[in-house]
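Please look over the structure shown below before reading on. The report that follows deals with a pair of helices, the nonpolar cores and a proline.

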Amino acid sequence: MRRETPVTRLAARVFTVPTDQPESDGTISWDSTTLVLAEVEAGGQTGLGYSYASKACVPVIDDTLRPVVLGLEALDVAKAWEQMWRSVRNLGSRGLAACAISAVDVALWDLKAKLLNLSLAELFGRRRDAVMIYGSGGFCSYDEATLRAQLGGWVENEGCAAVKMKIGRHPDQDPLRCRHAREAIGEAQLFVDANGAFSVREALAMIQALEGLGVTWFEEPVTSDDLPGLSRVRDGAPAKMDVAAGEYGYDPFYFHRMLDAGAVDVIQADATRCLGYSGFLLAAALAEACNTPLSSHCGPALHLPAACAAPRLRHMEWFHDHVRLEAMLFDGVPKPTGGYIRPDLTAPGHGLVFKAADAARFAV
């Protein structure tokens with residue numbers, strides 16, 4: 001007979017970490033990253049989850065999610081997920097509410113794995129022992145030297161077979177910036193990300209301008225809400241250039257619509273936004289059903305266990321800001337070897353341990 005392990009505590013905290021220098025993409029600029037940390041307790045164990053979101057998630061966790069999670073059986077993560085999602089119906093289930101649920105869902109899965117003394121990669125059902133990463137950054141605010149050093153460093157030091165850079169803020173400069181990137185990375189694949197900065201015609205013009213530089217991935221050439229526009233860009237792209245989007249998906253319906261529209265060659269999902277590990281694995285199942293590759297967006301340390309289990313997963317994003325922040329705030333973060341990262345199967349849960357003393361100076 002299964003022992004009873006009710007959730008006895010759910011708490012949230014916020015930490016804001018300045019970037020190492022000002023950053024921008026095709027549509028916004030920023031100088032810090034905010035992490036919302038969720039902790040759940042049951043059976044003498046603590047589960048840890050987080051989202052890259054706003055401090056406004058904390059009242060959602062405290063006032064709306066906590067009442068429906070406390071007292072639930074800690075092993076019944078699916079039940080908690082259903083009740084959390086229903087509880088935010090009248091708040092608006094996407095955006096901040098989805099990010100808040102994501103942090104708590106990740107914490108609940110971490111807690112369950114710890115109670116069972118299993119690594120999350122094993123609990124989810126490993127399909128692979130290691131996951132390919134691609135270096136991601138190349139911000140529009142970088143000068144040439146910084147751009148070359150960062151992108152070239154991922155290839156030389158981490159063994160990445162692909163790197164991604166931001167475009168779209170100054171489109172007239174993007175072809176030259178991409179040439180600098182190509183020179184720095186040699187034969188590695190070059191990805192570009194416009195963060196929805198272009199119209200359809202502008203995106204198609206940029207594809208022509210980048211012809212000959214071997215760009216194999218164009219992320220969010222237009223806003224991901226414009227599914228007909230994404231489809232038009234996809235139809236106009238070269239056969240060897242994938243169009244990708246999906247990072248702003250907050251629920252399974254979003255991914256279903258994008259896949260049904262044939263808008264992308266690769267769909268992206270972010271467990272810190274799309275209702276946690278539970279939502280990420282639902283997105284992975286949809287991608288499998290539609291014969292479409294999946295790539296995880298940002299937060300590589302958090303995504304690793306689910307990425308090991310997801311069918312049709314192509315790679316993970318080794319995003320500069322989150323790689324830096326996760327190493328600052330957590331022990332147990334993965335380290336690349338030959339362009340891949342591997343889970344620590346000896347550590348129960350996702351293996352991340354919060355460094356409370358180091359994080360204190362960033363507390364909000």
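## Helix pair and cores

Helices α5 and α6 are oblique to each other, because their angle falls in none of the other classes (under 35 degrees is roughly parallel, over 145 roughly antiparallel, and 65 to 115 roughly perpendicular). This is a predicted model, in which local features need pLDDT of at least 70 and side-chain atom pairs count only at pLDDT 80 or more, while totals for chains, interfaces and linings use all residues. Residues are numbered from 1 along each chain as its sequence is written, and side-chain values use heavy atoms, with hydrogens and water left out.

The two helices pack at about 40 degrees with axes 8 Å apart, and the crossing of α5 and α6 is right-handed. Their contact (heavy atoms within 4.5 Å) is made by the residues tabulated here.

| Helix | Span | Residues in the contact |
|---|---|---|
| α5 | residues 144-157 | E144, L147, R148, L151, G152, V155 |
| α6 | residues 174-185 | R177, H180, A181, E183, A184, I185 |

In the largest nonpolar core (buried Ala, Val, Leu, Ile, Met, Phe, Trp, Tyr and Cys residues joined through side-chain atoms within 4.5 Å), which holds 122 residues, V104, F218 and F330 touch the most other members. Helix α3 (residues 96-115) gives the most to this core, namely 14 residues.

P305 lies in helix α11 (residues 300-309) and is buried, at a relative accessible area of 4%, where buried means under 20% with a 1.4 Å probe and protein chains only. Not counting residues up to four places away in sequence, P305 touches L120, A121, F124, Y277 and H350.

Conventions
Axes are lines fitted to C-alpha atoms, for helices over the stretch in contact, and angles run from 0 to 180 degrees between N-to-C directions. Helices (H or I, at least four residues) and strands (E, at least two) are DSSP runs, numbered from the N terminus. A crossing is left-handed if the near helix is turned anticlockwise from the far one by less than a right angle, and right-handed if clockwise. Buried means under 20% relative accessible area, exposed over 50%, partly exposed in between (1.4 Å probe, protein chains only).
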